[in-house]
Amino acid sequence: MNFCTIGRWVSRVSHQPARQKFQRTMASAGEGASSASSDEQNRLASEKSPYLLQHASNPVHWYPWGDEAFSAARRENKLIFLSVGYSTCHWCHVMERESFENPDIAKIMNANFINVKVDREERPDVDKVYMTFVTSLSGSGGWPMSVWLTPDLNPVYGGTYFPPNNRYFGQPGFPQLLVSLASQWQENEAKFKESGVKIMEVLDRTSRLPAPGTSSMPGEEAVAKCFAQLSSSYEPHYGGFSESPKFPQPSNLNFLFTYHALRPHRDDAKRGLEMALHTLTKMDRGGIHDHVAQGFARYSTDERWHVPHFEKMLYDQAQLTISYLDAYVATGNTKFSDVVRDILTYVMRDLSHPSGGFYSAEDADSLPTADAKEKREGAFCVWTREEITQLLSEPVREGHEMTLDKVFCHHYSVVKGGNVNPYQDPHDELKNQNVLIEHGTVEETSQEFDLSQEECEAALAKAREILYNARQKRPRPHLDDKMLTSWNGMMLGAMVRAGAVLGDNTYIQRAVKAAEFVKSYLYKDDKLLRAAYAAPNDEVSLGSSIEGYADDYAWIIRGFINLYEATLDTDWLELAEALQDKQNELFWDPQGNGYYMTQAGDESILLRIKEDQDGAEPSANSVSLGNLIRLSTILDHPEYRTKAEAIFCLFSDRLNKIPIALPEMTTALLLYQQSPVQIILAGKNGSNSLKEMMHVIHTEPIPDRVFMLADDNQESFMYARHPSLSRYHPKVTDETLAYVCRNFKCLLPVNNPDQLREILKKSSEASGQ
C-alpha cells in the first residue's frame with residue numbers, strides 16, 4: 001500500500017455507490033459516543049497555548065500531543081486524527097466552526113479516533129514531520145493541517161482544510177472522509193500499519209541531505225543564480241515576487257540589499273536595489289499596511305497589495321523592520337525610516353507584555369459589532385464610506401471649506417459601495433467595505449485640494465487619529481499572547497538595530513528589556529525554552545516548559561549579537577557565544593553536518609529534519625550561518641567558520657540549483673565570500689564621541705563589517721579574545737579613534753565622524769569592484 005492506494009480508498013466514498021455504506025457507518029459511529037456540551041471542556045482546558053484553549057470547549061474529545069493520547073490510541077486500537085494549526089489562522093477558525101463545533105461530526109470523531117490538537121508555533125517539530133508527509137502526498141501544504149496516524153504515529157492519510165460536505169469538486173466532505181478512514185482501518189488494519197511504516201521509510205530517505213564529502217563549497221555561481229531567479233520572478237508593476245497572492249518575503253529583500261551593498265557599482269546590483277525599494281514602497285502604500293493602527297498584515301490576496309489577509313504576525317513586523325531599515329540606510333529617504341517607526345509603534349503598543357516579552361500575533365477575524373454573533377475577517381480594520389463621512393466631517397483647518405473626509409477618501413481610495421474586488425472576497429465579508437490604500441502621493445493629494453503639503457499631511461494625520469480612536473471602540477481581534485523565544489529574538493534584534501540606525505535610545509532600551517525577559521523566563525539551566533505565556537495580573541507562565549528548537553537558539557543569538565553591536569556591552573556577546581556552543585551541542589549532526597531543528601531523544605518525533613527552505617521565517621541553518629560568520633570574526637573563533645563551511649557544503653546542491661529557495665542562506669554565502677571590514681573603536685564606552693562614531697558605522701551600508709571597542713578595561717571579555725586590542729588605547733580621554741581594517745591591513749586612525757564615513761564609503765566601493 002502507498003500514498004496513491006490510500007488516496008483511491010478515500011476517493012471511492014465520494015461517489016454514489018458508497019452512499020448506503022456511508023450512511024450506515026455514520027449511524028453506527030454515533031452510537032454510544034457522548035460529545036461534550038458547549039459548556040463542558042476537554043483535555044485542552046489545562047493547556048497554556050491560546051490555540052489549544054480556543055478548542056477547549058469543542059464537543060470533540062481533544063487530547064494535547066503526548067503519551068496520554070498515544071497510549072489511548074494503542075489501548076483502543078484507533079487511528080489518531082491529528083489537527084495542527086495556530087490561533088490566528090483564518091481557515092483553522094472556519095474548520096472549527098464547520099466541523100469541530102458540530103456535535104454530529106464530533107460524535108464520529110470521538111467514536112472512531114483519538115483526536116489530537118497541536119499548536120504549530122508551540123510544536124514546530126510535530127508540524128514539520130507531518131507537513132513533510134502532506135506536501136509529499138498532495139504537492140502542497142498549509143493550515144489547518146489534518147493527518148491520520150496509526151497508533152505508532154506513522155501517517156497514512158492527510159491534507160489541509162476539509163469542508164463539512166462535498167461542496168468542493170474532487171474533495172470529500174470531512175465526515176465522509178472520517179467514516180471512510182474508520183471503516184478502512186477496521187477492515188485493513190495490517191495494510192494500514194504496513195503502509196504507515198513504508199511511508200516513514202520513504203520520508204526518512206528523501207529528507208536526508210548529501211553525506212559529508214560528496215559536495216563542494218558553493219561559490220559565485222550560486223549567488224548569480226539566486227539573483228537571476230529573483231529577477232525572473234519579480235513582478236514589476238506592484239513589486240514582489242509573485243502575481244497573487246503576494247507575500248512580503250523579507251529574505252529576498254535582504255539578499256538584494258546585501259548584494260547591492262557589496263557590489264554597488266554593478267548594473268545588476270542597482271537593478272536589484274530598485275526591485276527591493278519598489279516592492280517596499282508599494283507595500284507601504286498598500287492595504288497590507290495598516291494605515292490607521294500601524295503594522296503589516298500577513299499577506300495580500302491580490303497583486304496590488306490591496307486586500308490583505310488581516311492577521312498580524314510578530315515575525316513579519318520584525319523582518320519588515322529590517323527591510324525598511326535597509327532601505328533607509330541605502331537611500332537616506334526618511335519615508336522608509338517613518339515606516340520603521342510605524343511598525344515599532346504597533347509592536348510596542350499592541351504586541352508587548354509588561355515584563356518585556358513580545359506577543360505572537362493578532363487575529364484576522366473579529367466581531368463587526370459588540371452584539372454580533374459571528375466574526376468576520378477584517379472587521380476591525382475596514383470602513384464604509386458612510387462611517388468615514390460621519391467621523392471626519394470637520395474642515396481640514398479653521399475657515400477652510402474642504403472637510404477631512406473628502407481629503408482622506410481621495411487619498412486612501414475610499415468609495416461608496418466599497419473598494420474591494422468581489423473576487424478577493426469569496427465570503428462577502430468585505431462587501432461595501434473599504435480597505436485603505438494609497439494610489440497617489442501626499443503631494444498629489446495636496447495639489448488636488450489646493451493645500452500645502454504640510455497642511456495635507458497634518459489633515460491626513462488628524463483623520464487617522466480620529467479613525468484610530470473610533471476603531472478602539474470596536475471589538476478587538478483575538479490576541480495570541482504566547483511569547484515565542486525565536487520570534488522574541490527576531491524582534492529584539494530588529495528593534496535594537498532600529499535604535500542604532502535611527503539614533504533612538506527608546507528602541508534600544510525596549511530591546512534590552514526584551515532580552516532581560518528572555519534571560520529571566522526563557523533561559524533555564526543553560527538552555528532555552530520554546531515559549532512563555534501571559535498570565536493574569538501581568539504575570540508570566542511557562543506552561544509545560546517545552547525546550548527550545550534550533551531556530552530559538554539561532555534567532556536569540558542573532559538578537560544578542562545585534563545588542564552587542566548597538567551597546568558594545570560584551571555581556572550580550574558572551575551570552576551569544578554560550579548559546580552558540582549550546583546549539584552546537586544539542587542540534588549539530590556530527591555525522592552529516594548541519595543543524596537538526598530538534599534535539600535527539602523525543603521518541604514521538606519520528607524524523608529529525610534539517611530545514612532546507614527559507615519561507616515566511618528563514619530556516620535555522622540559514623540564520624545560524626550568519627551568526628557563525630559574524631561570531632568567528634568578532635570572537636576570533638575559527639572553528640565557527642569551519643562549521644559554516646560544512647553547512648554550505650551540506651546545502652550546496654540546493655544552493656547551486658534553486659538558491660531562490662534559500663535566499664537567507666545565499667546572503668550568508670555573500671558575506672562568507674567577503675573579507676570582513678573590521679572597525680576598532682578606541683575610546684570610552686558611553687562617551688559622546690564614541691556614540692557619534694558608532695552612529696556613522698550603523699548608517700553606512702556595510703553588511704560585512706564587525707567592530708569592537710578598545711577601552712580602559714583591559715580585563716574585559718574582548719581583550720581576552722583579542723590581546724592586540726591593547727595597542728589601540730586612546731591617548732585623549734574624551735576622544736574616540738577609529739581604525740578601519742581589511743585583509744589584515746589597517747588604515748591610519750581618524751577621530752572625526754565625517755572622516756570615518758568617508759573611509760567607510762571608500763572601503764565599500766573598493767570591495768564592490
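This report describes the second largest pocket and the cysteines of a predicted model.

## The second largest pocket

The second largest pocket has a volume of about 840 Å³. Its lining comprises 26 residues. Nearest the centre of this pocket lie Asp 284, Asp 338, Glu 438, Val 442 and Arg 464. Two or more lining residues come from each of helix 12 (267-285), helix 14 (334-350), helix 17 (442-448) and helix 18 (453-471).

Helix 18 supplies the largest share of the lining, with 7 residues. Sorted by class, the lining of the second largest pocket holds 10 charged, 9 polar and 7 nonpolar residues.

## Disulfides of the chain

A disulfide is a covalent bond between the sulfur atoms of two cysteines. The chain has 2 disulfides when sulfur atoms within 2.5 Å are taken as bonded. When the bonded cysteines are counted along the chain, the pairing follows the pattern 1-2, 3-4.

One disulfide links Cys 89 with Cys 92, at an S to S distance of 2.3 Å. This link of Cys 89 and Cys 92 is right-handed, with 80 degrees about the S-S bond. Both Cys 89 and Cys 92 are buried.

## The pair Cys 741 and Cys 746

Cys 741 and Cys 746 also form a disulfide, and their sulfur atoms are 1.9 Å apart. The disulfide of Cys 741 and Cys 746 is right-handed because the torsion about its S-S bond is about 100 degrees.

The two partners fall into separate accessibility classes. Cys 741 has a relative accessibility of 3% and therefore counts as buried, the limit for that class being under 20%. Cys 746, at 40% relative accessibility, counts as partly exposed.

## Cysteines outside the disulfides

Cys 456 takes part in no disulfide. The nearest cysteine sulfur to Cys 456 belongs to Cys 409 and is 13 Å away. With a relative accessible area of 0%, Cys 456 is buried.

Cys 649 is likewise in no disulfide. For Cys 649, the nearest cysteine sulfur is that of Cys 226, 18 Å away. Why does Cys 649 count as partly exposed? Its relative accessibility is 23%, and the partly exposed class lies between the buried limit of 20% and the exposed limit of 50%.

Note on methods
Residues numbered from 1 in each chain as written. Predicted model: local features only at pLDDT ≥ 70, side-chain atom pairs only at ≥ 80, totals over all residues. Heavy atoms only, no water. 1 Å grid on protein atoms, 1.4 Å probe; cavity = no way out; pocket = protein on both sides within 12 Å on 5 of 7 lines; lining within 4 Å. Points joined across faces, edges and corners; volume = space filled by probe spheres on them. Helix = DSSP H or I, 4+ residues; strand = E, 2+ residues; numbered from the N terminus. Nonpolar A, V, L, I, M, F, W, Y, C, P; charged D, E, K, R; others polar. Buried < 20%, exposed > 50% of the residue type's maximum accessible area, 1.4 Å probe, protein only.
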